[in-house]
Amino acid sequence: MLHLRLIVPVGRTDEVTDLLERTVGTAHLVVLAGVARDPVGDVVLCDVAREAGDELIGALRALGVDEYGSITVEDMDLTLSARADRAEADAPGEGADAVLWEELTEATHEESTFSVTYVAFLAVATMLAACGVMLDNAILIVGAMAVGPEFGPLAGISTALVQRAPRLVWRSLLALVGGFAVAMVLTAGFAWLMDAFGLFDAAMIEADRPNTAFVWQPDWLSFVVAFLAGIAGTLSLTSAKSGALIGVAISVTTVPAAANAAVAFSYHDFSQMTGSVQQLLANLGGIVLAGTVTLLAQKALWRAARNRGVTVRPPARTATGRHGGS
């Protein structure tokens, strides 16, 4: 279940409560008259089944609630209520399959910000991966993959393409391209510094590396892995199963490929550098393609499921003329 908290001007409360009462999947409607101070108005509380949440939020925005008041949505981990059980049973589809597009757009917008923290995480992850490729240490490679924050802007690009939000596309591209550019430049400098201290040398980058050579040898299997990881990552975002993102992070060689490209450049090994860049682009492209296809499929399947069910109740009034409770 989701919990909605709305601030509504007094003159608009009736139309909002009417919408909430008529939406299938709602329960526990509460109106706190006149308690809101900024903005001034009533506070309307309501619980709604997750599978009915996206359509209800869209309808509330169509009424302008987000313009003249506010809409706050919270996930509820536990709700013990027969009314809530009925609301979930009445709502079409399954809550695990429902996508809250406003929540997804907001989450990917936040994760796609070109910030100091984002660049710092990406740069540290790339430097860790540089140590991994130079030492041929798979554990360091896995650790670097887990640290890298690059899935956020990749998901932002997919979401923006599906939602037709060009500003989010450019914002995500800036974070992705700019972040990797800065991280690779810093990693090249890091490699030069490590070489100056005698911790890195050319023989390490040119040696046989059976555990990590895959990061600069792209093939179709790499693209397939990236595509599957993109599907898993997108599903984890839309279903709020964040734990799956860790598995996605350690499945795709984006950060290690960027690290190997930076280190190879610092030692003028342009063959490895080219292969690493190709690996990086193939993985990024596979994730974005998979994310976009997954979101389009979810959107189509959910629309079909919603069309098979009833989402709005007919108006019902009591003898006093007021709408019945949810």
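What follows is a walk through one predicted model, from its confidence to its sheet, its helix contacts and a few backbone details.

Confidence comes first. The chain has a mean pLDDT of 86, with 88% of its residues at 70 or more. That confidence is spread unevenly: strand 1 (residues 2-8) has the highest mean, at 95, while helix 12 (residues 243-249) has the lowest, at 57. Then there is the stretch of residues 316-326, where pLDDT stays under 50. The model does give residues 316-326 some company, with 17 contacts beyond four places in sequence. Still, where pLDDT is low, the predicted coordinates should not be read in detail.

Next comes the sheet. Four strands make up an open sheet with antiparallel pairing, and their order across it is 2-3-1-4. Strand 2 (26-37) and strand 4 (70-75) sit at the edges, each pairing on one side only. On average, and ignoring direction, neighbouring strands in this sheet are turned by 15 degrees against each other. Helix 2 (residues 50-62) packs on the sheet and touches strand 1, strand 2, strand 3 (40-48) and strand 4. The direction of helix 2 makes about 15 degrees with that of strand 1.

Going pair by pair fills in the picture. Strand 1 and strand 4 are antiparallel partners, held in register over six bridges, and L4 stands opposite V73 of strand 4. Strand 2 and strand 3 also run antiparallel, with seven bridges joining them; here V30 has L45 in strand 3 as its bridge partner. A hairpin takes the chain from strand 2 to strand 3 through two residues. P39 is found in this loop between strand 2 and strand 3, and the peptide bond that joins D38 to P39 is cis, with omega at about 0 degrees.

Further along the chain, the story turns to helices. A short stop on the way is D136, in the loop between helix 6 (116-135) and helix 7 (138-147). D136 is not a glycine, yet its phi is positive, at about 55 degrees.

Helix 9 (residues 166-196) takes part in two of the helix contacts described here, one with helix 8 and one with helix 13. Helix 8 (residues 151-163) packs against helix 9 at about 160 degrees, and the two axes are 8 Å apart. The pair is therefore roughly antiparallel, and helix 8 passes helix 9 in a left-handed crossing. On the helix 8 side, the contact takes in P153, L154, G156, I157, A160 and L161. These meet L168, V169, S172, L173, A175 and L176 of helix 9. Sorted by class, the residues of this contact come to 10 nonpolar, two polar and no charged.

The other contact brings helix 9 together with helix 13 (residues 254-266), at an angle of about 50 degrees and with the axes 8 Å apart. Helix 9 and helix 13 are therefore oblique to each other, and their crossing is right-handed. Helix 9 contributes F180, M184, T187, A188, A191 and W192. Facing them in helix 13 are T254, V255, A258, A259, A261, A262, V263, F265 and S266. By class, the contact between helix 9 and helix 13 has 12 nonpolar residues, three polar ones and no charged ones.

Methods
Residues are numbered from 1 along each chain as its sequence is written. This is a predicted model: local features need pLDDT of at least 70, side-chain atom pairs count only at pLDDT 80 or more; totals for chains, interfaces and linings use all residues. Side-chain values use heavy atoms; hydrogens and water are left out. Axes are lines fitted to C-alpha atoms, for helices over the stretch in contact, and angles run from 0 to 180 degrees between N-to-C directions. Angles under 35 degrees count as roughly parallel, over 145 as roughly antiparallel, 65 to 115 as roughly perpendicular and the rest as oblique. A crossing is left-handed if the near helix is turned anticlockwise from the far one by less than a right angle, and right-handed if clockwise. Contact means heavy atoms within 4.5 Å. Ala, Val, Leu, Ile, Met, Phe, Trp, Tyr, Cys and Pro count as nonpolar, Asp, Glu, Lys and Arg as charged, and the others, Gly among them, as polar. pLDDT is the predictor's confidence in each residue, from 0 to 100. Two strands pair if DSSP finds at least two bridges between them.
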